[in-house]
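This report describes one helix and one loop residue of a predicted model. The sequence and structure are shown first.

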Amino acid sequence: MLRNAENPRVGPKYWQMADNLWGADETHGLYGDCANPYCDYNMDEDDWRDVQMGEGRWQCPNCRWDQLVPDGDPYGMLGLKPTRSGLDTASMGSLGEEVAQAAARDGALSPLGPLRWVSPDYNDPIDMVMGNNALEVKTLHSESFPRFKIAPSSVNRPGKNRAGTIAAKVQRARELGEALGHPLVEGLLGVRLNFYTGRADFFYAPEYRDRMMTAMEHLADYDFSKQNPFRDHVPGELPQQGETPDPEEVFG
Ligand SMILES: [Zn+2]
């Protein structure tokens with residue numbers, strides 16, 4: 001996320017958090033139209049034509065990253081919602097859950113307790129149980145607005161409403177607690193992914209509600225380079241976690 005007049009909404013509290021956790025000069029990647037942070041490709045007219053032909057789905061000729069282009073599917077033909085990474089919302093959510101599981105197995109999320117259960121169903125109201133926590137996992141791109149949204153708005157998802165979605169999570173947490181033999185605590189686990197540095201950050205709040213990152217507890221950071229889908233789309237070497245090489249280094 002750029003620290004300039006384009007993002008006046010975030011506010012000083014977030015920038016303070018960003019300075020503390022990632023440093024004032026956190027690197028997000030190269031500038032270009034491609035969603036791949038390692039690719040600086042700019043689209044021309046032919047590319048935009050391909051986007052239209054593909055109803056929003058497009059492969060970058062420079063890095064071969066298959067991506068959904070924002071506003072590339074104005075009529076919703078594909079029925080997929082793009083995120084800043086070029087992944088659709090479901091794929092982005094699944095990736096965040098995979099990273100959370102890997103971090104839990106590596107002991108990085110020990111404040112929540114060990115990973116005890118993972119839902120086999122993406123649409124389950126509860127995604128996983130760690131210790132006594134029944135967790136809903138939400139994932140954000142590091143350059144997105146820093147709010148974890150727990151419930152779909154009824155505008156985007158007719159027939160769904162916020163109160164009903166949250167009630168279903170509370171009910172499911174109770175069921176899981178009964179099955180596991182003791183009550184579980186409600187919890188939101190937010191995963192922030194920086195695809196350029198391969199650093200994931202985890203945030204926690206003890207209830208199912210929309211939350212600004214600044215209103216959550218920062219639990220841990222974790223190197224998710226192994227799960228980084230851009231790993232195979234770098235014309236050079238991936239940086240180690242903590243490194244913020246300039247683009248010329250990445251591309252040799
Ligand atoms: Zn590209």
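## Helix H4 and residue Leu109

Helix H4 comprises the 19 residues 162-180 and, at 1.5 Å a residue, should span 27 Å; the C-alpha atoms at its ends are 27 Å apart, which agrees with that expectation.

Within H4, the buried residues are Lys169, Ala173 and Leu176. These residues lie on the same side of H4, because they cover an arc of only 70° around the axis. In an α-helix there are 3.6 residues a turn, so residues three or four places apart point the same way. The buried residues of H4 pack against strands S3, S4, S5 and S7. The face turned away from the buried side of H4 carries exposed residues, namely Ala163, Gly164, Gln171, Glu178 and Ala179. After H4 comes Gly181, which has a positive phi, near 95°.

The strands against which the buried residues of H4 pack are listed below.

| Strand | Residues |
|---|---|
| S3 | 115-118 |
| S4 | 128-130 |
| S5 | 133-141 |
| S7 | 185-194 |

Strand S3 also bounds the loop that holds Leu109; on the other side of this loop is helix H3 (89-105). Is Leu109 buried or exposed in this loop? Leu109 is buried, because 25 other C-beta atoms lie within 10 Å, where 20 or more are required. Leaving aside residues up to four places away in sequence, Leu109 touches Ala103, Ala104, Met130, Phe202, Leu219 and Ala220. Leu109 and Tyr222 are 113 residues apart along the chain, yet their C-alpha atoms are separated by 9.3 Å.

Terms used: Residues numbered from 1 in each chain as written. Predicted model: local features only at pLDDT ≥ 70, side-chain atom pairs only at ≥ 80, totals over all residues. Helix = DSSP H or I, 4+ residues; strand = E, 2+ residues; numbered from the N terminus. Expected span 1.5 Å × (residues − 1). Buried ≥ 20, exposed ≤ 12 C-beta atoms within 10 Å, placed from the backbone. Arc of directions from axis to C-beta. Contact = placed C-beta atoms within 7 Å.
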